[in-house]
Amino acid sequence: MKVRWTETSLRLRITPAELELLRDHRAVIATMSVGAWQVFLKGGPWQTQLLTRGSQVHVHLSSADLAALLEPTCEGVYLTRDSFKYYVEKDFPCEHPRPVEVALEPALETTQTFPRPA
């Protein structure tokens, strides 16, 4: 899962394998390599919500939001808590040229992505 945040938003981009974990009601977890924080994403029989616990962020998707995300034509679910926006999006291939040093990073080259909807 790729995580990007700003002062006003949190964006989670998931791979096809991670979507399958969500379908199976299993959590997708991203951990900063120095142990400073974790993001947990899970679907289930609760209301969609964004929770914080210390250095952890928990995004719970309702059954309806998870069902929407499972649709092949759906690119993501876009949510708001107060004025804070948070998104769970399918990760698609990059369509713009990348700098050579980024293009050569092995971790980025092996990432699975979704085919773009027509």
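Buried means under 20% relative accessible area, exposed over 50%, and partly exposed in between, with a 1.4 Å probe and protein chains only. Keep that in mind for these exercises. The model is predicted, so local features need pLDDT of at least 70 and side-chain atom pairs count only at pLDDT 80 or more, while totals for chains, interfaces and linings use all residues. Residues are numbered from 1 along each chain as its sequence is written, and side-chain values use heavy atoms, leaving out hydrogens and water.

**Exercise 1. Find out whether D82 and H25 are buried, partly exposed or exposed, and look at their phi values.**

Step 1: D82 has a relative accessible area of 73%, so D82 is exposed. H25 has 45%, so H25 is partly exposed.

Step 2: Locate them. D82 is in the loop between β7 (76-81) and β8 (84-90), and H25 is in the loop between α1 (16-23) and β3. Helices (H or I, at least four residues) and strands (E, at least two) are DSSP runs, numbered from the N terminus.

Step 3: Check phi. D82 has a positive phi near 55°, and H25 has one near 60°. Most residues other than glycine have a negative phi.

**Exercise 2. Work out which strands stand at the edges of the sheet β3-β4-β6-β5, and why one side of each is left without a neighbour.**

Step 1: Read the order. This open sheet of four strands has mixed pairing; two strands pair if DSSP finds at least two bridges between them.

Step 2: β3 and β5 (49-53) each have a single partner strand, so one side of each has no neighbour in the sheet.

Step 3: Follow the pairs. β3 and β4 (residues 38-43) run antiparallel, joined by four bridges, and A30 stands opposite V39. β4 then pairs with β6 (residues 56-61) in the parallel sense over six bridges, where V39 stands opposite V57.

Step 4: Look at the β3-β4 hairpin. Six residues lie between the strands, and G35 takes a positive phi near 75°.

**Exercise 3. Describe the sheet β1-β2-β8-β7 and the place of α1.**

Step 1: This is also an open sheet of four strands with mixed pairing. Its edge strands are β1 (2-5) and β7, each pairing on one side only.

Step 2: Six bridges join β7 to β8, which run antiparallel, and T80 stands opposite K85 in β8.

Step 3: Add the helix. α1 lies across β2 (9-14) and β8, running at about 100° to β2. Contact means heavy atoms within 4.5 Å; axes are lines fitted to C-alpha atoms, for helices over the stretch in contact, and angles run from 0 to 180 degrees between N-to-C directions.
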